[in-house]
Amino acid sequence: ACIQCRSRHVKCDSTQPVCTRCRRDGKDCTYTKSRRGGLDKAALARRRLMLQQQAERERQTASSTDNLSS
């Protein structure tokens, strides 16, 4: 959420560079980096892909282990 929406405790759609609420109200819309160290959308997509690939490798390993013991 932008600073204006956070300070007013209202829902922010986080549209960049100016959220819908700030545009409508004519307010200055600024964002700060997350203090939680959150990932941006591209980093989240990379992480999700890596986890999916890892899970697939584990399934293949488990499947091949099951086939060997049959």
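Me: Okay, how many disulfides does the structure hold?
Reply: The count is 0 disulfides. Keep in mind that this is a predicted model.

Me: Huh. Why is there no bond between Cys-2 and the closest cysteine sulfur?
Reply: The closest cysteine sulfur to that of Cys-2 belongs to Cys-5, and at 3.6 Å it's too far for a bond. A disulfide needs the two sulfurs within 2.5 Å.

Me: And what about Cys-12, which sulfur is closest to that one?
Reply: Cys-5 again: its sulfur is the closest cysteine sulfur to Cys-12, 3.8 Å away, which is too far for a bond.

Me: Are those cysteines buried or exposed? Say, Cys-2 and Cys-12?
Reply: Cys-2 is buried, with a relative accessible area of 0%. Cys-12 counts as buried too, at 13%, because the cut-off for buried is under 20%.

Me: So which residues make up the largest nonpolar core?
Reply: There are 6 residues in that core, namely Cys-2, Cys-5, Cys-12, Cys-19, Cys-22 and Cys-29.

Me: Pick Cys-22. What is it in contact with, leaving aside neighbours within four places in sequence?
Reply: With that limit, Cys-22 is in contact with Cys-2 and Cys-29 from the core. Its list of contacts also has Gln-4, Arg-8, Lys-27 and Asp-28.

Me: Arg-8, hmm. Which side chain does Arg-8 meet in a salt bridge?
Reply: That's Asp-25, with 3.0 Å from N to O. Arg-8 sits in helix H1 (residues 3-8) and Asp-25 in helix H2, so the pair ties together parts that are 17 residues apart in sequence.

Me: How exposed are Arg-8 and Asp-25?
Reply: Arg-8 counts as partly exposed at 32% relative accessibility, and Asp-25 is partly exposed as well, at 34%.

Me: What else forms a salt bridge with Asp-25?
Reply: Arg-24 does, with the closest N and O atoms 3.1 Å apart. Arg-24 counts as exposed, at 61% relative accessibility. Put together, Arg-8, Arg-24 and Asp-25 are linked in a network of salt bridges.

Me: How many salt bridges are there by this rule?
Reply: The count is 3 salt bridges. One of them joins Arg-59 to Glu-56, where the closest N and O atoms are 2.6 Å apart. Those two are 3 residues apart in helix H3, so about one helical turn separates them. Glu-56 is partly exposed, at 33%.

Me: Switching topic: which peptide bond is cis?
Reply: The one joining Gln-16 and Pro-17 is cis, with omega about 5°. You'll find Pro-17 in the loop between H1 and H2.

Me: Why would anyone point that out, or a positive phi?
Reply: Because most peptide bonds are trans, and most residues other than glycine have a negative phi.

Me: What's the phi of His-9, and of Ser-14?
Reply: His-9 has a positive phi of about 55°, and Ser-14 has a positive one near 55°. The loop between H1 and H2 holds His-9, and Ser-14 lies in that loop too. His-9 is exposed at 72%, while Ser-14 is partly exposed at 33%.

Me: What does UniProt list for residues 1-31?
Reply: An unreviewed UniProt entry lists them as "domain: Zn(2)-C6 fungal-type". In the model, that span is 39% helix and 0% strand, with its end C-alpha atoms 7 Å apart.

Me: Last one: where is confidence lowest, and where is it highest?
Reply: It's lowest in helix H3 (residues 41-69), at a mean of 86, and highest in helix H2 (residues 20-25), at 95. The mean pLDDT of the protein is 88, and 94% of its residues reach 70 or more.

Terms used: Residues numbered from 1 in each chain as written. Predicted model: local features only at pLDDT ≥ 70, side-chain atom pairs only at ≥ 80, totals over all residues. Heavy atoms only, no water. Core = buried A, V, L, I, M, F, W, Y, C linked by side-chain atoms within 4.5 Å. Buried < 20%, exposed > 50% of the residue type's maximum accessible area, 1.4 Å probe, protein only. Contact = heavy atoms within 4.5 Å. pLDDT = per-residue confidence, 0-100. Helix = DSSP H or I, 4+ residues; strand = E, 2+ residues; numbered from the N terminus. Salt bridge = Lys/Arg side-chain N within 4 Å of Asp/Glu carboxyl O. UniProt positions renumbered as here; feature names shortened; annotations may be inferred.
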